[in-house]
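Colleague: Could you take a close look at the largest pocket for me? I'd like to know what lines it and how the sheets around the model are put together.

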Amino acid sequence: MQKRSKRYKKAAEMVPAGKTFSLEEAAELLRKLPGTKFNQSITLSFRMGVDPRKGDQMVRGTCPLPHGSGKTVRVAVFAQGAAADAAKAAGADIVGNEDLIAKVKEGFLDFDVAIATPAAMNEVRKLGKQLGPRGLMPNPRTGTVTDDTAGAVKAVKAGRADFKLDKNGNIAAAVGKASFEPSQLAENATSLIDAVVRAKPASARGRYVESLTLAATMSPAVRIDVARYVKL
């Protein structure tokens with residue numbers, strides 16, 4: 001059993017048991033809880049009513065956050081020629097092709113997001129052992145396999161939320177930082193909810209989103225009134 005700190009226990013006492021809130025109310029409540037010495041990430045978590053064991057019920061995608069993510073994102077781009085030049089001009093941190101692939105094979109993973117052109121993916125796919133476990137493999141569904149490398153780099157740098165159903169039927173993604181205004185967190189979270197709803201599999205039946213919670217890195221979760229944001 002995990003031992004909770006005095007700060008966490010005090011925060012838990014401030015969260016009404018069984019009560020649900022709007023996103024902005026939840027964000028305001030999180031701001032009132034005992035803080036930490038660092039700028040905590042704020043995460044929106046979903047309990048989904050789909051079966052993660054069925055391939056046709058996978059929920060995955062990405063969405064831009066109106067107010068950004070609040071964190072610096074290091075972007076690596078696998079490309080050559082004009083696509084590589086465009087990525088560099090757009091602010092990519094690392095750009096390469098055969099040379100970058102070789103570095104990754106040797107263990108280089110000093111980046112948060114990987115983007116690749118369709119042509120580069122022929123070789124990048126072979127990096128599954130290195131990129132897969134870290135969730136770094138480029139994927140067309142998240143806009144990270146594209147010839148428009150400049151657009152992809154700018155979108156990632158501006159701040160976005162990537163989401164994917166886990167093996168337990170949950171989705172969790174950061175929607176900002178504790179320093180954000182409650183209204184900014186609420187708007188970012190609403191964008192994420194809308195994106196998850198749009199990604200609903202055609203085979204999904206019954207209640208799609210069962211519950212929502214908003215929490216800071218080191219705080220108890222605050223329950224969200226699902227009916228306000230998702231048609232049940």
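Modeller: By class, the lining of the largest pocket splits into 13 nonpolar, nine polar and eight charged residues. Keep in mind that this is a predicted model. The pocket has a volume of about 740 Å³, and 30 residues line it. If you want a handle on the middle, go to Asp112, Val113, Gly135, Arg160 and Asp162, which lie nearest the centre.

Now for where those lining residues come from. Strand 6 (160–164) gives the largest share, with five residues. At least two residues each are supplied by strand 2 (60–64), strand 5, strand 6 and strand 7 (170–177). Two of these names, strand 5 and strand 7, lead straight into the sheets, so to speak, and I'll take them in turn.

Start with strand 5, residues 113–116. This strand belongs to an open sheet of three strands, ordered 4-3-5 and paired in parallel. Strand 5 sits at one edge and strand 4 (94–96) at the other, each pairing on one side only. On average, neighbouring strands here are turned by 15° against each other, ignoring direction. Strand 3 (residues 75–78) is joined to strand 4 by three bridges, the two running parallel. If you'd like a specific pair to click on, alanine 76 has isoleucine 94 in strand 4 as its bridge partner. Packed on this sheet is helix 4 (residues 98–105), which touches strand 3 and strand 4. The direction of helix 4 makes about 125° with that of strand 3.

Then there's strand 7, which takes us to an open sheet of four strands, with antiparallel pairing and the order 7-1-8-9. Here strand 7 is an edge strand, as is strand 9 (222–224), and each pairs on one side only. Neighbouring strands in this sheet are turned by 25° against each other on average, direction ignored. Further in, strand 1 (residues 41–48) and strand 8 (residues 209–216) pair antiparallel over seven bridges. One to look up there is arginine 47, whose bridge partner in strand 8 is serine 211. Helix 2 (residues 23–32) lies across strand 1, strand 8 and strand 9, and runs at about 30° to strand 8.

Back at the pocket, then: an edge strand of the parallel sheet, strand 5, and an edge strand of the antiparallel one, strand 7, are both among the strands that supply at least two lining residues.

How values were computed. Residues are numbered from 1 along each chain as its sequence is written. This is a predicted model: local features need pLDDT of at least 70, side-chain atom pairs count only at pLDDT 80 or more; totals for chains, interfaces and linings use all residues. Side-chain values use heavy atoms; hydrogens and water are left out. Two strands pair if DSSP finds at least two bridges between them. Axes are lines fitted to C-alpha atoms, for helices over the stretch in contact, and angles run from 0 to 180 degrees between N-to-C directions. Contact means heavy atoms within 4.5 Å. On a 1 Å grid over the protein atoms alone, a cavity is a set of points where a 1.4 Å probe fits but cannot get out, and a pocket is an open set with protein on both sides within 12 Å along at least five of seven lines; lining residues have an atom within 4 Å of a point. Grid points are joined across faces, edges and corners, and a volume is the space filled by probe spheres set on the points. Ala, Val, Leu, Ile, Met, Phe, Trp, Tyr, Cys and Pro count as nonpolar, Asp, Glu, Lys and Arg as charged, and the others, Gly among them, as polar.
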